[in-house]
Amino acid sequence: MAAKNEEAANVMAFDALYTTNEIQKFKVLLPYIEPSMQKHLAVYIKYMELQYTMKYVRRHPFQISGCSIPSDEKPDLRSLCRQLSLYSTPEEIRQLEQFQNMLQTMETMQEMTQTMSALQELFPDLSAAPPFGSDSAFSDMEGAESAQTGPFSMMDMMMNMLTPEQKAMYEMFRQSDLNDSSDPESQIL
């Protein structure tokens, strides 16, 4: 329960920033108002919040403290998914879980790629020959140079372990990464 309260803190901080004590009093009074008038009061409360928010933003045009992540910090997408799940329908929660699984798959692929690179650096002669002998199912890479057969064979083996959806996602991210590395501006950063 503490985790949910912690994750909802951003929402509560936002709500507290864009309201006044007067507006909060109306919210407290809402259940005590005649039922036929409650919807009108609810609209009026939201209208007052909108007016106050617009005035506040005009008076404080700078960035809201605590409402953005530092530009040098990598966003924690898993935490974001957990926070969004608090306010999501069961179908949206399922989609967020799928997204988290995709993130995990991509992290695993990245770790495997880094491990492969490290192994290739440690054992450069492994890349000169197929890992399982000449009759290996992974050694028949047409058009590949013999020095590249080893690493490509390992990558093929890893790719065969993925589901079609994971393969498609990997290819999408790989293409994105290749496009980024060919962009001169990305190399400067």
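**Exercise 1. Is Arg78 buried, partly exposed or exposed? Then place its salt bridge in the fold.**

Solution. The model is predicted.

Step 1. Arg78 has a relative accessible area of 27%. The partly exposed class runs between the buried limit of 20% and the exposed limit of 50%. Arg78 is therefore partly exposed.

Step 2. Find the partner. Arg78 and Glu107 meet through their side chains in a salt bridge, 2.8 Å from N to O.

Step 3. Place both ends. Arg78 sits in helix H5 (residues 77–85), Glu107 in helix H6 (residues 90–122). The two residues are 29 apart in sequence, so the pair ties together separate parts of the chain.

Step 4. Check the partner. Glu107 has 35% relative accessibility and counts as partly exposed.

**Exercise 2. Work through the salt bridge between Lys46 and Glu49. Compare the settings of its two ends.**

Solution.

Step 1. The closest N and O atoms of Lys46 and Glu49 are 3.2 Å apart. The cut-off is 4 Å, so the pair qualifies.

Step 2. Both residues belong to helix H4 (residues 35–59). They are 3 residues apart, about one turn of the helix. An α-helix has 3.6 residues a turn, so residues three or four places apart point the same way.

Step 3. Lys46 is exposed, at 54% relative accessibility. Glu49 is buried, at 13%.

Step 4. Look at the rest of H4. Its buried residues are Leu41, Ile45, Met48, Glu49 and Tyr56. The cover over them includes helix H2 (9–17) and helix H3 (21–29).

Step 5. Test the length of H4. Its 25 residues should span 36 Å at 1.5 Å a residue. The end C-alpha atoms are 37 Å apart, which agrees.

**Exercise 3. Describe the salt bridge between Arg94 and Glu91, then count the salt bridges in the model.**

Solution.

Step 1. The closest N and O atoms of Arg94 and Glu91 lie 2.6 Å apart.

Step 2. Both residues are in helix H6, 3 residues apart, about one turn of the helix.

Step 3. Arg94 is partly exposed at 37% relative accessibility. Glu91 is partly exposed at 39%.

Step 4. Shared partners join Lys27, Lys46 and Glu49 into one network of salt bridges.

Step 5. The count comes to 4 salt bridges.

**Exercise 4. Which residues form the largest nonpolar core, and which helix gives the largest share?**

Solution.

Step 1. The largest nonpolar core has 7 residues: Met102, Leu103, Met106, Met109, Met159, Leu162 and Tyr170.

Step 2. H6 supplies the largest share of this core, 4 residues.

Step 3. List what H6 buries. The residues are Leu96, Met102, Leu103, Thr105, Met106, Met109 and Met116.

Step 4. Take Met106. Leaving out residues up to four places away in sequence, Met106 touches Met169, Tyr170 and Phe173.

Step 5. Test the length of H6. The helix has 33 residues and reaches 48 Å from its first C-alpha to its last. That is close to the 48 Å expected at 1.5 Å a residue.

**Exercise 5. Which residues make the nonpolar surface patch of about 310 Å²?**

Solution.

Step 1. The patch is made by Leu77, Leu80, Leu84 and Phe99.

Step 2. H5 gives the largest share, 3 residues.

Step 3. Take Leu80, which is found in helix H5. Its relative accessible area is 42%. Patch residues need over 30%, so Leu80 meets that limit. Leu80 counts as partly exposed.

Key:
Residues numbered from 1 in each chain as written. Predicted model: local features only at pLDDT ≥ 70, side-chain atom pairs only at ≥ 80, totals over all residues. Heavy atoms only, no water. Buried < 20%, exposed > 50% of the residue type's maximum accessible area, 1.4 Å probe, protein only. Patch = residues over 30% accessible without salt bridge, like charges linked within 9 Å, V, L, I, M, F, W, Y side chains within 5 Å. Areas by Shrake-Rupley, 256 points an atom, 1.4 Å probe, with all protein chains shown as cover. Expected span 1.5 Å × (residues − 1). Core = buried A, V, L, I, M, F, W, Y, C linked by side-chain atoms within 4.5 Å. Contact = heavy atoms within 4.5 Å.
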